[in-house]
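Open the model in your viewer and follow along, one selection at a time.

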Amino acid sequence: MTLNYTSLLTIIATLFLLMACGFIARKMNIIDDVASKRLSSLIIKIGQPMMIIAALIKAEFSYDNLKDGLLIVVIGLGLHTVMAALAFGFCAGFKDLDERKITEFSLVFTNAGFIGFPIMEALFGPKGLFLASFYVISFHLFIWSWGIAILARKRTDIKLTVRKIFVNLGSIPCLIGILLYLLVIPFPDFVMPAFIVKFTSYLGDLCTPISVLITGALLATRTPKQIFGSGKIYYFSALKLLVIPAIVCVLAKLIGLPNDTVLFCTVEAALPAAATITMFSELYGLNAGYASQTVGTSSLLSVGTLPLIIMAAEWFVNLW
């Protein structure tokens, strides 16, 4: 895979403008609390499943692609394990339980779908989007297991179940997408109907603009001091956007992964916090304001940090 920095910068600039529009829309009361929650529900329950399915069914089938995709699932599980261990250690000093849970969760889980999909496609082309759609499988397996376990600490009302791990709004569309992708094996002449591709693509394409608009709107609910004057947020952002991606890059290179895979893992680790934490925080009565701050601030700062970490990673992997 060859990195396309021009496309990356175009996507980053677009995301920044979308975030600014969301910020302004909130200030003008176009997006209020009710609209934000309903749009979030629309994306989680309809947009995200269709985005995952669309990414898989549009990919050209080959056994090499399938092998690469399944390998990315395994690598994704390993990557999340590493980030979980790092996050657990980095959050040991937090005294406020809610802030520790939110920070640890946000350090582990990146915005691998809503922002990750367009970033990966911009950087690596269609193959990057295809691999990112398989990476999301590991993301959802981990978020509904370790992610829920983080939030359930010292809570009796949050239950971690086997059903939640394997049956959720992420795993089911992943399974549907893979089954549709594999239809070509028993039916070699099968071609996905154009209306199915367009239907899933149209709904999936809602995810990035709406999710980034919501992120901008969430930022508008915080004061400038809360956004830029919090030491905890800078600590979190430095770990999330610079330290953990750098560690991931070095470890991936040291264990002998191919350079393209090292770069893929580094980019996934360098993405801003998953917007899911804001919805979980509202659902489970955690500090939703702090959660929105981790998502919004990391999304804002990633506009500058993402190109830097990618260039540094590309330089590092080519050293030997």
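**Second largest pocket**

The lining of the second largest pocket divides into 10 nonpolar, 4 polar and 3 charged residues. This is a predicted model. The volume of this pocket is about 320 Å³. Select F117, P118, E121, D205 and T208: of the 17 lining residues, these are the closest to the pocket centre. Now colour the helices that contribute. α1 (5-27), α2, α5 (116-124), α9 and α10 each supply at least two lining residues. Which helix gives the largest share of this lining? It is α1, with 4 residues.

**Helix α10**

Stay with one of those contributors. Select residues 207-219, which form helix α10. Its 13 residues reach 18 Å from the first C-alpha to the last, close to the 18 Å expected at 1.5 Å a residue. Is α10 largely enclosed or left open by the rest of the structure? It is largely enclosed, because 11 of its 13 residues are buried. Show side chains for the buried set: C207, T208, I210, S211, V212, I214, T215, G216, A217, L218 and L219. T208 belongs to this set, and T208 is also one of the residues closest to the centre of the second largest pocket.

**T200 in helix α9**

Step back along the chain to helix α9, residues 194-204, and pick T200. T200 has a relative accessible area of 4%, so it counts as buried. Draw a distance from its side chain to the backbone oxygen of V197: the value is 3.1 Å. Next, look for contacts beyond its neighbours within four places in sequence. T200 touches M50, I53, A54 and I57. Those four fall in the range of α2 (33-57).

**Largest pocket**

Follow α2 to the next stop. The largest pocket holds about 460 Å³ of space. Select I44, L169, M279, F280 and L283, the closest to its centre among 17 lining residues. Three elements give two or more residues to this lining: α2 (33-57), α6 (126-151) and α14 (276-284). Of the elements, α2 gives the most, with 6 residues. By class, the lining has 8 nonpolar, 6 polar and 3 charged residues.

**Largest cavity**

Now switch from pockets to cavities. How many cavities of 30 Å³ or more does the structure hold? There are 3. Go to the largest cavity, with a volume of about 100 Å³. Its lining comprises 14 residues, and Q48, A112, G113, F114 and F139 are the closest to its centre. Helices α2 and α6 each supply at least two residues of this lining. Colour the lining by class: 8 residues are nonpolar, 6 are polar and none is charged. Compare the largest pocket, where 3 charged residues join the lining. α2 and α6 also appear among the elements lining that pocket.

**V74 in helix α3**

For the last stop, select V74 in helix α3, residues 63-90. Is V74 buried or exposed? V74 counts as exposed, because its relative accessibility is 55% and the cut-off for exposed is over 50%. Add Y135 to the selection and join the two C-alpha atoms. They are separated by 8.5 Å, although V74 and Y135 lie 61 residues apart along the chain.

Note on methods
Residues numbered from 1 in each chain as written. Predicted model: local features only at pLDDT ≥ 70, side-chain atom pairs only at ≥ 80, totals over all residues. Heavy atoms only, no water. Expected span 1.5 Å × (residues − 1). Buried < 20%, exposed > 50% of the residue type's maximum accessible area, 1.4 Å probe, protein only. Polar contact = N/O pair within 3.5 Å; in protein donor to acceptor, adjacent residues only side chain to side chain. Contact = heavy atoms within 4.5 Å. 1 Å grid on protein atoms, 1.4 Å probe; cavity = no way out; pocket = protein on both sides within 12 Å on 5 of 7 lines; lining within 4 Å. Points joined across faces, edges and corners; volume = space filled by probe spheres on them. Nonpolar A, V, L, I, M, F, W, Y, C, P; charged D, E, K, R; others polar.
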